[in-house]
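Here are some notes to read with the model open beside you. Take them in order, and turn the structure as you go.

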Amino acid sequence: SPATVAWSQVAVNDAAKAFMAGDCTRATDRALAASERMGSRPEPFEILGYCNVRAGRLELGARAMQAAADRDPDSWRYAYGLAVVQALQGTDPRGAALRAKTRNPLEPLAATLERRLRAARPGRWARLAARADIPPP
């Protein structure tokens with residue numbers, strides 16, 4: 001219903017604001033509320049993914065980012081986030097990075113990450129990912 005979409009959007013907006021302010025406790029709470037109301041949205045899962053990474057929960061971060069990518073497979077953002085999390089985990093991130101770049105070849109974040117990961121040895125992936133810029137939600 002339109003009311004469900006509107007309520008979910010309010011929760012996503014609140015989660016994004018909290019994330020940008022560095023408040024992952026509130027961001028997580030609001031992202032979970034948004035996903036409970038409308039589970040087909042990818043945005044809450046992106047926020048959950050990054051907040052889990054900030055907390056050192058890389059496996060949960062990867063699962064949340066994969067859930068975002070599954071909900072919007074054509075978006076560069078979620079493939080990018082998945083590449084960042086995979087690199088931090090030490091899992092090969094180059095496929096996800098290439099998908100991000102392919103989905104939006106003009107996006108500098110995606111192009112830069114893909115180029116750097118492709119050129120780097122696996123032992124440097126985590127360091128590159130830790131310095132990667134995160135697009136605002």
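1. **Before you start.** This is a predicted model, in which local features need pLDDT of at least 70, side-chain atom pairs count only at pLDDT 80 or more, and totals for chains, interfaces and linings use all residues. Residues are numbered from 1 along each chain as its sequence is written, and side-chain values use heavy atoms, with hydrogens and water left out.

2. **Helix H2.** A good place to begin is H2, residues 24-37; helices here are DSSP runs of H or I with at least four residues, strands are runs of E with at least two, and both are numbered from the N terminus. The 14 residues of H2 should span 20 Å at 1.5 Å a residue, and this agrees with the 19 Å between its end C-alpha atoms. The expected span is 1.5 Å times one less than the number of residues. At the N-terminal end, Asp 23 acts as a cap, with a side-chain oxygen 3.3 Å from the backbone nitrogen of Thr 25. Such a polar contact is a pair of N or O atoms within 3.5 Å; within protein, one must be able to donate a hydrogen and the other to accept it, and residues adjacent in sequence count only if both atoms are side-chain atoms.

3. **What H2 hides.** Cys 24, Ala 27, Arg 30, Ala 31, Ala 33, Ala 34 and Ser 35 are the buried residues of H2. Buried means under 20% relative accessible area, exposed over 50%, and partly exposed in between, with a 1.4 Å probe and protein chains only. Their cover includes helix H1 (2-20) and helix H3 (43-54). Try Ala 34 as an example: its relative accessibility is 0%, so it counts as buried. Beyond residues up to four places away in sequence, Ala 34 touches Trp 7, Ser 8, Ala 11, Val 12 and Pro 44, where contact means heavy atoms within 4.5 Å.

4. **Helix H3.** How much of H3 is buried? Ten of its twelve residues are, so H3 is largely enclosed by the rest of the structure. Among them are Phe 45, Glu 46, Ile 47, Tyr 50 and Asn 52. H1, H2, H4 and H5 are included in what covers them. Just after H3, Gly 56 takes a positive phi of about 85°.

5. **The nonpolar core.** The largest nonpolar core has 39 residues, of which Phe 19, Ile 47, Tyr 80, Leu 113 and Leu 117 touch the most other members. A core of this kind is a set of buried Ala, Val, Leu, Ile, Met, Phe, Trp, Tyr and Cys residues joined through side-chain atoms within 4.5 Å. Two or more residues come from each of H1, H2, H3, helix H4 (58-71), helix H5 (76-89), helix H6 (94-103), helix H7 (108-119) and helix H8 (125-130). H5 gives the most, with nine residues.

6. **Rings and charges.** A search of the whole structure finds two aromatic pairs. In one of them, the rings of Trp 76 and Tyr 80 have centres 5.6 Å apart and planes at 70°, so the pair is edge-to-face. Rings of Phe, Tyr and Trp (its six-membered ring) pair if their centres lie within 6.5 Å; planes under 30 degrees apart count as stacked, over 60 as edge-to-face and the rest as tilted. Tyr 80 is buried at 2% relative accessible area, and Trp 76 is buried at 12%. Look too for the charged end of Arg 37 over the ring of Trp 7, 4.6 Å from its centre, and that of Arg 54 over the ring of Phe 19, 4.0 Å from its centre. The test is NZ of Lys or CZ of Arg within 6 Å of the ring centre and within 35 degrees of the ring normal.

7. **Helix H7.** Where do the buried residues of H7 pack? They pack against H5, H6 and H8, and they are Ala 110, Ala 111, Leu 113, Glu 114 and Leu 117. Glu 114 has a relative accessible area of 6% and is buried; leaving aside neighbours within four places in sequence, Glu 114 is in contact with Ala 97, Leu 98 and Lys 101. With the same neighbours set aside, Leu 117 contacts Ala 87, Pro 93, Arg 94, Ala 97, Trp 125 and Leu 128. At the start of H7, a side-chain oxygen of Glu 107 comes within 3.0 Å of the backbone nitrogen of Leu 109.
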